[in-house]
Amino acid sequence: PPQAAAPNGAKPMTEERVEAALDAQKRFEQSWQRFQDAFKEMNAALARNLGAALGHPVECADGFSESDKRDVFGGKAPTAQRFWEKVRRGECKRIVVCCGAGLSTAAGIPDFRSPMTGIYAKLKAEREAVKHRSDAAVFDNRSDDDDSELHDYTQPGRVPLPESAEECFSANYFARNPVPMSQRAAGMWPVADARTGKLTSAYKPAAAHAFLRLLADMGVLLRVFTQNIDGLEMDAGLRRELVVNAHGDMRGARCNECNKSYEGAELNRILPRLRRGEPVECTCKGGEPFETPLGRFRAWVRPNIVMFGESLSEDFGVRAREDLAACDAVVVIGTSLQVMPFGGLPSRAGRLVPRLLMNREPAGVFNHPVKYRDAVALGELDELCAAAAVHLGKGSQFLRLCATLGCKSVPRLPQARMPPAAAGPSLRS
């Protein structure tokens, strides 16, 4: 079907243009981070040269000497094994963990961004398939039918697919047509215990969640910042105050119009419908659609997550500012660090704070690791966490936690060293 004309003669925002814009934004954020790091290093070099020329002690631009920086890892190159040995010796007692989709996928939950199996990729494939169907006009919101009515859920059969994955998970699109998001988020809603009403995920925690619990039991975990919305950190036994859900979670819901909160028995009553992918209407508008400057909306019950176009919670900003200033170690697990501002969390830690990445591939600031404090361990998260537990002297406790939590897979404990780490620069480079 022909595309609807864009206002003022502008080109329509196709999915390809949206993806190109998001990719450009991601490249800019990564380039800006590299520029900031390079600028700091340049200032440090300038301070060293100036100090040497004036015959004064060599100080870096951030106020720390080269000796201070060498002492972060005892004058040796940073490695994952040395990182965990510092924790074992009691040198790191306030660890901030930043984790992402890698933990959820290890538990069997589909992620958003995987090229072939992610929710975004599947949504794109569905939309491409619809374009070639004879009844595409029913599904395509760029139909030459009455555009003002195409997003109206009251019309039977009209379930238009969004232009992009970002639109699918945006608050404005959800208010016009909640079906695509409701169907894709159905399995993420929690399950209520029939006897106690307690909410837990339909999935079991992964070994990486058990490792977070191990750090908490050791008393060295200051905070977990997570991008995941499944709540598996709490299912693993972490206290609620230890976890900051940067993008919200599925353990609560509210009306997208009146903001009424759905919790406890009221949420449990509608959970079966939500888990079937059915949109649930709030009663605040009497079940009738209403007009807004952005189109015809309805009052739908939505999960307490951060949708596209919405700001992160105030709690995230406060905790990020205070905890990254107070921590003495940062661990990044299972995230690409591509989504800002979450991706900038490791850079907020002090300049003498050791940082460790545990991931399948380099990510964020670890694409250009700082030679005196950044350790990188690449591989499967289960194996990396098992190796870390061994270096902490807690291998048996880690395995017991995995068994108690019913983890999907329980890794074998390595005999000695961590899995091969990414080749990083030596202190002499």
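The exercises below, each with a worked solution, concern the predicted model of a protein chain.

**Exercise 1. Overall description**

State how many helices and strands the protein chain has, and what share of its residues is buried.

*Solution.* Begin with the secondary structure, where the protein chain shows 15 helices and 13 strands. Turn next to burial: of the 429 residues in the chain, 45% are buried. The accessible surface comes to about 20,800 Å², and carbon and sulfur atoms account for 52% of that area. Finally, consider the contacts between residues at least 6 apart in sequence, of which 65% join residues at least 24 apart.

**Exercise 2. The packing of H3 against H14**

Determine whether H3 is roughly parallel or oblique to H14, and identify the residues through which the two helices meet.

*Solution.* Two packed helices are described by the angle between their axes and the distance between the axes. For helix H3 (residues 80–88) and helix H14 (residues 381–391), the angle is about 45° and the axes are 8 Å apart. This angle makes H3 oblique to H14, and the crossing in which H3 passes H14 is right-handed. On the H3 side the residues are Gln81, Trp84 and Arg88, which meet Ala388, Val390 and His391 in H14. Sorted by character, the residues of this contact comprise 3 nonpolar, 2 polar and 1 charged.

**Exercise 3. The packing of H10 against H14**

Carry out the corresponding analysis for H10 and H14, giving the angle, the handedness of the crossing and the residues that meet.

*Solution.* Helix H10 (residues 207–218) packs with H14 at an angle of about 25°, and their axes are 8 Å apart. Because angles under 35 degrees count as roughly parallel, H10 is roughly parallel to H14. The crossing of these helices is left-handed. Ala207, Ala208, Phe211 and Leu214 in H10 meet Asp382, Cys385, Ala388 and Ala389 in H14, and the residues of this contact divide into 7 nonpolar, no polar and 1 charged.

As a further step, consider the burial of H14, in which 9 of the 11 residues are buried. Among them are Asp382, Cys385, Ala388 and Ala389, which H14 brings to the contact with H10. His391 is also one of the buried residues, and it takes part in the contact with H3. After H14 comes Gly393, with a positive phi near 75°.

**Exercise 4. Backbone geometry in two loops**

Compare the settings of Asn259 and Leu337, stating for each whether it is buried or exposed.

*Solution.* Asn259 is a residue other than glycine with a positive phi, near 70°, and it sits in the loop between strand S6 (248–255) and strand S7 (261–262). Its relative accessible area of 52% makes Asn259 exposed. Leu337, likewise a residue other than glycine, has a positive phi near 55° and is found in the loop between S11 and S12. At 3% relative accessibility, however, Leu337 counts as buried. The loop between strand S11 (329–333) and strand S12 (355–359) also holds Pro341, which is joined to Met340 by a cis peptide bond with omega about 10°.

**Exercise 5. Two residues in helices**

Classify Glu19 and Ser104 by accessibility, and then place each among other residues.

*Solution.* Glu19 belongs to helix H1 (residues 15–54) and is partly exposed, at a relative accessible area of 31%. Its C-alpha atom is separated by 8.2 Å from that of Ser164, although the two residues are 145 apart along the chain. Ser104 lies in helix H4 (residues 101–106) and is buried, with a relative accessible area of 6%. When neighbours within four places in sequence are left aside, Ser104 is in contact with Ile109, Asn228 and Asp230.

Notes: Residues are numbered from 1 along each chain as its sequence is written. This is a predicted model: local features need pLDDT of at least 70, side-chain atom pairs count only at pLDDT 80 or more; totals for chains, interfaces and linings use all residues. Side-chain values use heavy atoms; hydrogens and water are left out. Helices (H or I, at least four residues) and strands (E, at least two) are DSSP runs, numbered from the N terminus. Buried means under 20% relative accessible area, exposed over 50%, partly exposed in between (1.4 Å probe, protein chains only). Contact means heavy atoms within 4.5 Å. Accessible areas come from the Shrake-Rupley method with a 1.4 Å probe; for residues, only the protein chains shown count as cover. Axes are lines fitted to C-alpha atoms, for helices over the stretch in contact, and angles run from 0 to 180 degrees between N-to-C directions. Angles under 35 degrees count as roughly parallel, over 145 as roughly antiparallel, 65 to 115 as roughly perpendicular and the rest as oblique. A crossing is left-handed if the near helix is turned anticlockwise from the far one by less than a right angle, and right-handed if clockwise. Ala, Val, Leu, Ile, Met, Phe, Trp, Tyr, Cys and Pro count as nonpolar, Asp, Glu, Lys and Arg as charged, and the others, Gly among them, as polar.
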